[in-house]
Amino acid sequence: MASADTIAAVATAPGRGGIGVVRVSGQDLTEFVLAFLGKSPRARFATLSDFLDSDGSVIDQGIALFFPAPHSFTGEDVLELQGHGGNAVMQRLLKRCLTLGARLAEPGEFTKRAFLNDKLDLAQAESVADLIDASSEEAAKSAMRSLQGEFSRAVHEIVARLIDLRLLVEACIDFPDEDIDFLEAADALGKLAQIQQLQQRLFASAKQGSLLREGVHVVLVGQPNVGKSSLLNQLAGDEVAIVTPIAGTTRDTVREEIDIQGVPFHIIDTAGLRDTVCEVEQIGISRTWAAVEKASLVLLLHDARAGESVPDRAILARLPPHLPVIKVFNKIDLLSAPPAAELQPNATAVFVSAKTGAGMDGLRHSLLALAGWEQTGEGAFMARERHLRAMESARQHVARAEANWRQLEFFAEELKLAQNALSTITGEFTADDLLGEIFSRFCIGK
């Protein structure tokens, strides 16, 4: 399925660096390597070599690594040139590759070829990009688990059980005289229950990984001067937002990313919500509500001295239904009150001081809990939204199979649809347009 073209790209980030890497992949690079290096290096050994231009002059000197097919990342012949990391050097080496017949690689094309040549399944291929983009240690660990195949093995286990159950059902369809009795004797519903348990466990692990990958979008809302910007600064551990006693200081959204136990939180400070005739402030308030519409959860700030006022309740009533809310009662230092956290109807209430930092640990704990993060995320897989959708679709098909288990044709069809849904995760049942979308988001050279 892979292209016969030889492809090349700079595989390291642009800019000045100690080492830069040019990667080449193709079906037969024997003549290519000989022309570039003037010799045939030993397979899978680092070889000090001159990198030669077309006139025999030396472009650079560095380490050459040659991986003959099929024992390479892409499953094709692969040549990696590790030279000095200047942009001019990398571009000269890349230009030389092109004159030898290679073309520029498209984004993600090396990993796509690895997938098409059965070196990786689709979930593993996606985890390559996730590992590169990981923004925390936990996210990197989760992506590596997926890259090593743990996620795929869990999916394959469920698929294998679905296939076994389908074989039983198909046999009953072929021999209808013993259909229901045969299924009962084979404990078909027990096998289906085991599949549902595995699905639930896999979805929980994938959901944790999705949090690590996507992060949680948190919007700070409240009246002017309740301490939203001070709270952002306290969470970020830096003065990222301007704080003054003047109401309406924050006119536009201020964004900062923080890390809580490995989970990325995208915190957005917003303009204070109040009635105003100031046109600039009105624009800021409009942007506040626009940010709320895209939020994963909201921190609704109150002045602890006033408690929950009528304007606070009006803001709460206007928030989208089912959007998780933490009520943050700030400025407890002015009341000499201790920090605390408590459950209230439809929300969690946390009492803090953004000025002194009192109660911030409780707030962080509440953020993790409301986001759905479990403290033991060791089994998390770096899952994407499409993975979660596929698992949910498979879960629904299995549920419908259970509801129709006495109607064998429906039972078999729902099991087949569940299997197909899960197979899209690993790429065994995937449309070509989806592959194009997935790999186009990779960086060039990977």
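Trainee: Is Glu 80 buried or exposed, and what is its relative accessible area?
Mentor: Keep in mind that this is a predicted model. Buried means under 20% relative accessible area. Glu 80 falls on the buried side of that cut-off, because its relative accessible area is 15%.

Trainee: Which side chain meets that of Glu 80 in a salt bridge?
Mentor: Side chains of opposite charge can pair when their charged atoms come close. Here the N to O distance is 3.0 Å. The partner counts as buried too, at 11% relative accessibility. Glu 80 is paired with Arg 23.

Trainee: How many residues apart are Arg 23 and Glu 80?
Mentor: The pair links distant parts of the chain. Arg 23 belongs to strand E2 (residues 19-26), while Glu 80 sits in strand E5. Along the chain, they are 57 residues apart.

Trainee: Asp 77 is buried as well, so to speak; how far away is the nearest side chain of opposite charge?
Mentor: Asp 77 is found in strand E5 (residues 77-84). This buried residue has no salt bridge. The nearest side chain of opposite charge belongs to Arg 44, and the distance is 8.3 Å.

Trainee: Which backbone nitrogen does the side chain of Asp 77 reach at 2.8 Å?
Mentor: There are two backbone nitrogens to look at here. That of Leu 29 lies 3.0 Å from a polar atom of the Asp 77 side chain. Asp 77 is also in contact with other residues beyond its sequence neighbours, including Ser 25, Thr 30 and Phe 67. The backbone nitrogen at 2.8 Å is that of Ala 69.

Trainee: Moving on to helix H2, why are Met 90, Leu 93, Leu 94, Arg 96 and Cys 97 on the same side?
Mentor: H2 covers residues 87-99 and reaches 18 Å from its first C-alpha to its last. Met 90, Leu 93, Leu 94, Arg 96 and Cys 97 are its buried residues. They share a side of H2 because the arc they cover around the axis is only 155°.

Trainee: Which residues are exposed on the other side of H2?
Mentor: Turn away from the buried side, which includes Leu 93 and Cys 97. The exposed residues on the other side are Ala 88, Lys 95 and Thr 99.

Trainee: Where do Glu 392 and Arg 395 lie?
Mentor: Their side chains meet in a salt bridge at 2.8 Å, N to O. Glu 392 is partly exposed at 27%, and Arg 395 is partly exposed at 41%. They are 3 residues apart, about one turn of the helix, and both lie in H13 (residues 385-403).

Trainee: Which residue forms a salt bridge with Glu 414?
Mentor: The closest N and O atoms are 3.6 Å apart. Glu 414 lies in helix H14 and its partner in helix H13, so the pair ties together parts that are 14 residues apart in sequence. Glu 414 is buried at 14%, whereas the partner counts as partly exposed at 37%. That partner is Arg 400.

Trainee: What is the relative accessible area of Val 226?
Mentor: Val 226 is found in the loop between strand E7 (216-222) and helix H9 (228-236). Leaving aside neighbours within four places in sequence, Val 226 is in contact with Leu 301, His 302, Asp 303, Asn 330 and Lys 331. Val 226 is buried, and its relative accessible area is 5%.

Conventions:
Residues numbered from 1 in each chain as written. Predicted model: local features only at pLDDT ≥ 70, side-chain atom pairs only at ≥ 80, totals over all residues. Heavy atoms only, no water. Helix = DSSP H or I, 4+ residues; strand = E, 2+ residues; numbered from the N terminus. Expected span 1.5 Å × (residues − 1). Buried < 20%, exposed > 50% of the residue type's maximum accessible area, 1.4 Å probe, protein only. Arc of directions from axis to C-beta. Lys, Arg positive; Asp, Glu negative; His and termini not counted. Salt bridge = Lys/Arg side-chain N within 4 Å of Asp/Glu carboxyl O. Polar contact = N/O pair within 3.5 Å; in protein donor to acceptor, adjacent residues only side chain to side chain. Contact = heavy atoms within 4.5 Å.
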